[in-house]
Amino acid sequence: YNALKAAMGELYRLDVRWRVWTEIRDIARATLVVVALTLSTLFLVKQTDVSRLFLTLLFVAQPTVTLAGRLALRAAFNWNRSQGRDPRYMLVVGTGQLAEDFADRVERHAGLGLRIVGHLSAPQEADPVVTRPILGSVDQIDEVLHGNVVDEVAICLPPSANRLLEPIAGIAAGEGKTVRVAVDPLEEILPHAIQEEFDGILVRSLVNDGQREAG
């Protein structure tokens, strides 16, 4: 039940996944959970007279219709945002080259509708290389979140600053923000986050739906 609830809760958010293939993968996973639960329930209650043909058609039709509808909505949202409508705003934690590259890639994809409001610096980083405003340090994240319109927080820190990941993600998620973490593919962090490749960078996304905490 918890697996189904999590899968459906994350699928509800159309703005979480940036790539179509990630959405297809996660719809397939959610469908498998539904199939497993349905067949297990039928077995436990000994309902052997249910048509196998009906179940097969149901399990094929449901994800197909879901995917078609979501692809249509995704196309509509991407077009709308590419016209500059309904923008969303992202705060990037980090001032190094990864933070600059990630911010550039995000704003280059107009269909995401994301605009970078600025960066936060971390004590473990070298001299900043970012070209966008530095709004403060990670210690001031509460003030920055409350003083600016921020929908998402992207964490782009070097491995030496990984200890800051959990507290930053916890604060951002507690404020209702979607958290994106650009990481080295070999780093096993946020194992329960949605993972996808975005323009050459591995991104793990932690979604706050008001029902669970980050971490």
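This is a short dialogue on reading the predicted model shown above.

Visitor: Where do I start? How many helices and strands are there in the protein?

Guide: Start with the inventory. The protein has six helices and seven strands. Along the sequence they follow the pattern α-α-α-β-α-β-β-α-β-α-β-β-β. Of its 215 residues, 40% count as buried.

Visitor: In what order do the strands form the sheet?

Guide: Read across the sheet, not along the chain. The order is S3-S2-S1-S4-S5-S7-S6, in an open sheet with mixed pairing. S3 (134-137) and S6 are the edge strands, each pairing on one side only. Neighbouring strands are turned against each other by 30° on average, with direction ignored.

Visitor: "Mixed" needs examples. In which sense do S2 and S3 pair?

Guide: S2 (residues 114-121) and S3 pair in the parallel sense, over three bridges. There, Ser121 stands opposite Ser137 in S3. Now take the other end of the order. S6 (residues 194-198) and S7 (residues 201-206) run antiparallel and are joined by five bridges.

Visitor: What should I look for in the hairpin of S6 and S7?

Guide: Check the turn and its flanks. Two residues lie between the strands, and Asp199 takes a positive phi near 55°. Phe198 stands opposite Ile201 in S7.

Visitor: Which side chains of S6 are buried, and which are not?

Guide: Follow them one by one; they alternate. Ile194, Glu196 and Phe198 point to one face and are buried. Gln195 and Glu197 point to the other face and are not buried. Note that the buried set includes a glutamate, Glu196.

Visitor: Which strands does helix H4 touch?

Guide: H4 (residues 97-108) packs on the sheet and touches S1 (88-93), S2, S4 (152-155), S5 (178-183), S6 and S7. Its direction makes about 170° with that of S2.

Visitor: Now charges. How should I read a salt bridge?

Guide: Side chains of opposite charge can pair when their charged atoms come close. A search of the whole structure finds five such bridges. Arg132 and Glu100 meet in one, at 3.7 Å from N to O. Arg132 sits in the loop between S2 and S3, Glu100 in helix H4, 32 residues apart.

Visitor: Are Arg132 and Glu100 buried or exposed?

Guide: Use the cut-off: buried means under 20% relative accessible area. Arg132 has 16%, so it is buried. Glu100 has 8%, so it is buried too.

Visitor: What else does Arg132 form a salt bridge with?

Guide: Glu107, with the closest N and O atoms 3.1 Å apart. Glu107 lies in helix H4 and Arg132 in the S2-S3 loop, so this pair ties together parts 25 residues apart in sequence. Glu107 is partly exposed, at 34%. Step back and a network appears: salt bridges link Glu100, Asp104, Glu107 and Arg132.

Visitor: What does Arg180 form a salt bridge with?

Guide: With Glu152; the closest N and O atoms are 2.8 Å apart. Arg180 is in strand S5 and Glu152 in strand S4, 28 residues apart. Arg180 counts as buried at 0% relative accessibility. Glu152 is buried at 1%.

Visitor: And the surface? Which residues form a nonpolar patch?

Guide: Phe43, Leu44 and Val45, with about 370 Å² of accessible area together. Phe43 lies in helix H2 (residues 20-44). At 66% relative accessibility, Phe43 counts as exposed. For the whole protein, the accessible surface comes to about 11,900 Å², and 58% of it belongs to carbon and sulfur atoms.

Note on methods
Residues numbered from 1 in each chain as written. Predicted model: local features only at pLDDT ≥ 70, side-chain atom pairs only at ≥ 80, totals over all residues. Heavy atoms only, no water. Patch = residues over 30% accessible without salt bridge, like charges linked within 9 Å, V, L, I, M, F, W, Y side chains within 5 Å. Areas by Shrake-Rupley, 256 points an atom, 1.4 Å probe, with all protein chains shown as cover. Salt bridge = Lys/Arg side-chain N within 4 Å of Asp/Glu carboxyl O. Helix = DSSP H or I, 4+ residues; strand = E, 2+ residues; numbered from the N terminus. Buried < 20%, exposed > 50% of the residue type's maximum accessible area, 1.4 Å probe, protein only. Pairing = 2+ DSSP bridges. Axes fitted to C-alpha atoms, helices over the stretch in contact; angles between N-to-C directions. Contact = heavy atoms within 4.5 Å.
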